[in-house]
Amino acid sequence: MIHLNSYSMRLCSIAVLIIALASCKPRNEAGAINAGAAEKVYVAPGKYDEFYNFVSGGFNGQVSVYGIPSGRLLKIIPVFSVMPENGYGYSEETKPMLETSHGSLPWDDQHHLELSQKDGTPDGRWLFANANNTPRVARINLATFKTEEILELPNSAGNHSSPFCTENTEYVVAGTRFSVPIGDNQDVPITDYKKSFNGTVSFIKIDSSNGRMSLAFQLLTPAINFDLSHAGKGPSHDWFFFSCYNVEQAHTLLEVNASQRDKDFIMAVNWKKAEEFIRNNKGTLKNSRYAHNVYNETTHNATSTIETKVLTLDPSQLNDFVYFIPCPKSPHGVDIDPSGEYIVGSGKLAALIPVFSFTKLMTAIEKKDFDGDYQGIPVVKYESALYGEVQKPGLGPLHTEFDGKGNAYTSFFVSSEVVKWSLKDLKVLDRKPTYYSVGHLCIPGGDTKHPFGKYLIAYNKITKDRYLPTGPELAQSAQLYDISGDKMELLLDFPTVGEPHYAQALPADLIKNNSVKYFKIEENKHPYVTKGEKEAKVVREGNKVHVYITSIRSHFTPDNIEGVRVGDEVYFHVTNLEQDWDIPHGFAVKGAANAEILIMPGETCTLKWVPDAEGVYPIYCTDFCSALHQEMQGYVRVSKAGANTPLKYGTNLPDSAVAKN
Ligand code: K7E
Ligand code: CUA
């Protein structure tokens with residue numbers, strides 16, 4: 001009873017503290033906007049933005065693309081969630097993209113993005129995205145803005161610490177948020193956490209020629225939780241850093257039980273050494289089941305394969321490649337400065353920002369300057385790795401980005417502000433309020449060797465009074481700051497879709513000239529392609545009816561189809577014959593239980609339809625493609641099961657050609 005009382009009091013006081021802190025309102029609200037701000041974000045009609053900004057969609061499972069500085073929404077790229085708007089996850093071609101070891105999943109929670117890099121700078125080729133709920137990493141092709149590959153991660157649960165990449169995109173890493181039982185017997189009591197659970201960190205190898213992902217190896221770690229990660233760069237090129245919480249190894253009420261220790265860890269992994277261990281056969285091949293889904297741009301089709309093996313390394317058995325650095329207090333972000341020397345931790349409950357020195361860390365490791373070990377992994381002494389602490393920066397530090405001019409910018413959720421500080425002397429230089437409760441920050445190139453600087457975007461969790469009320473739920477908000485001067489200047493607010501977490505930005509020039517305008521029809525290798533109207537046809541195979549149908553402004557061929565029966569599975573393989581930029585056609589059929597499909601020029605997409613009753617069903621184009629878009633329509637006649645209505649189809653057929661019965 002006494003135990004319960006003190007326990008609930010402790011819980012209560014933490015809650016009161018957090019509520020009290022969360023209600024701090026930023027100062028200076030009235031004077032926050034300067035008169036010149038409008039000019040700085042104004043992108044005249046017809047002009048392009050300077051940067052692409054890729055923003056995670058959080059609980060919408062997608063990635064959205066904004067222009068900076070205007071804040072204009074340019075596109076939403078479907079990644080881990082179905083998108084009825086264009087048929088992603090509904091078309092026969094894209095259904096395999098959402099396959100997992102749990103079957104087909106229509107949704108996930110997308111938090112972090114990383115642009116592929118060459119020499120530590122974004123190269124504009126790919127964008128990697130994580131799925132938090134059912135652990136996966138996706139690769140988006142930045143020429144097509146399509147999700148091209150999704151790799152599931154076995155032995156992981158809550159893939160939060162992901163998908164950060166090394167300087168030349170050698171690897172993308174993924175740390176598990178939840179430790180889980182791993183191996184043959186996973187049906188264990190939750191209270192056996194300490195005994196039976198493990199964490200993992202996955203290293204995904206990226207093929208530099210085509211971006212293909214493969215799970216190279218996994219580290220089996222103590223049962224702690226990984227939050228975020230970042231690769232080293234320059235001198236720290238060989239290393240990867242992971243923030244860890246729940247070093248207490250709690251499995252219930254983590255809010256309290258995982259906030260006991262004064263310090264958790266940053267885990268430093270020498271991935272070059274790990275590679276060496278793998279080469280020397282120090283890994284153990286384990287059975288596992290995970291899906292690997294690949295979309296092929298010439299067949300316009302995705303395939304899903306179940307992989308069955310994973311190589312694991314156990315750092316408690318193999319020396320000298322994994323170390324823990326103590327980090328106060330439930331660290332969230334771990335960010336490496338452009339020089340690769342400074343490792344910035346951000347303890348959610350800490351009142352300071354610890355900055356570690358890579359040089360000091362190496363010396364400490366060499367001298368074995370350890371504070372014992374944590375489950376077989378050496379713990380480097382805090383002071384031995386510490387470069388210094390930023391004192392009184394704010395409350396609830398989360399994430400840090402860099403401007404390439406020696407400054408760091410850290411977000412503070414609780415005190416709702418962005419704080420600029422100097423890497424050299426760790427002095428706070430400036431602070432500006434955010435509206436409200438900022439999570440991640442993005443500076444174009446802000447986690448790379450060569451940040452492009454100029455702007456900082458804050459992604460805020462709470463909007464409250466910033467926009468017109470829209471009922472109980474309000475859009476999350478992004479705020480754009482000019483960081484070119486000594487003081488940050490707030491320029492713009494814009495609402496965002498889903499819940500943005502991490503975001504990345506890069507100069508538009510790195511992408512816009514390579515952007516695909518249409519797919520070449522002569523290169524279309526789809527098995528059901530129709531390369532011209534003359535090839536259009538309808539083929540019955542048992543109860544399957546394959547409709548080879550074309551679309552071009554402003555008709556379908558065929559647009560009259562008879563001979564379909566109730567009980568048939570009809571596959572509309574729609575080929576868009578257009579060879580021009582920005583002329584997609586849509587396709588929809590009445591009563592379809594899935595979605596529409598939106599077919600890009602030169603592409604083939606398939607919509608499956610199972611008519612449930614006899615009748616004449618309209619089909620039409622859903623995308624206003626031409627003056628006579630509204631006329632882009634037709635009919636499918638469905639007869640009752642077993643009827644012998646002959647198969648007839650065409651466009652502009654004489655009435656005499658239409659079936660009579
Ligand atoms: Cu939103 Cu990176 Cu999932 Cu911090 S995390 S805010
Ligand atoms: Cu094609 Cu509207």
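User: Two strands pair if DSSP finds at least two bridges between them, where strands are DSSP runs of E with at least two residues, helices are runs of H or I with at least four, and both are numbered from the N terminus; what, then, is the bridge partner of Glu-562 in β46?

Analyst: This is a predicted model, in which local features need pLDDT of at least 70 and side-chain atom pairs pLDDT 80 or more, while totals for chains, interfaces and linings use all residues. Residues are numbered from 1 along each chain as written, chains are lettered from A and ligands numbered from 1 in written order, and side-chain values use heavy atoms, without hydrogens or water. Strands β39 and β46 run antiparallel and are joined by 3 bridges. Within that pairing, the partner of Glu-562 in β46 is Lys-648.

User: In what order do the 6 strands of the open sheet with mixed pairing stand?

Analyst: The mixed character can be followed at β45, since β39 (residues 560-565) runs parallel to β45 over 4 bridges, whereas β44 (residues 615-620) and β45 (residues 633-639) pair in the antiparallel sense over 6 bridges. Individual positions fit this picture, with Arg-565 opposite Ser-639 in β45 and Gly-615 opposite Val-638 in β45. The open sheet as a whole is ordered β42-β41-β44-β45-β39-β46.

User: Why is one side of β42 and of β46 left without a neighbour in the sheet, and what is the average twist from one strand to the next?

Analyst: Strands β42 (597-599) and β46 (648-650) stand at the edges with a single partner strand each, so one side of each has no neighbour in the sheet. For the twist, axes are lines fitted to C-alpha atoms (for helices over the stretch in contact), with angles from 0 to 180 degrees between N-to-C directions. From one strand to the next, the twist in this sheet averages 25°.

User: Which strands stand at the edges of the antiparallel sheet of 4 strands?

Analyst: This open sheet has the order β21-β22-β23-β26. Inside it, β22 (residues 342-347) and β23 (residues 352-357) pair in the antiparallel sense over 3 bridges, and Ile-343 stands opposite Phe-356 in β23. One side of each edge strand lacks a neighbour in the sheet because each has a single partner strand, and these edge strands are β21 (331-336) and β26 (386-391).

User: At about what angle to β23 does helix α6 run?

Analyst: Helix α6 covers residues 358-366. The helix lies across β22, β23 and β26 (contact means heavy atoms within 4.5 Å), and its direction relative to β23 is about 65°.

User: How far apart in space are Ala-216 and Val-310, C-alpha to C-alpha?

Analyst: Ala-216 belongs to strand β14 (residues 213-221). Leaving aside residues up to four places away in sequence, Ala-216 touches Tyr-171, Phe-203, Ile-204, Lys-205 and Leu-311. Although Ala-216 and Val-310 are separated by 94 residues in sequence, their C-alpha atoms lie apart by 7.6 Å.

User: Where is the residue that follows Tyr-435 through a cis peptide bond?

Analyst: Most peptide bonds are trans. The bond from Tyr-435 to Tyr-436 is cis, with omega near -15°, and another cis bond joins Pro-328 and Lys-329, with omega about -10°. Lys-329 is in the loop between β20 (322-328) and β21, while Tyr-436 is in the loop between β30 (428-433) and β31 (438-442).

User: What is the phi of Ser-416?

Analyst: Ser-416 is located in the loop between β28 (407-412) and β29 (417-422). Most residues other than glycine have a negative phi. Ser-416 is not a glycine, yet its phi is positive, at about 55°.

Note on methods: Pairing = 2+ DSSP bridges.
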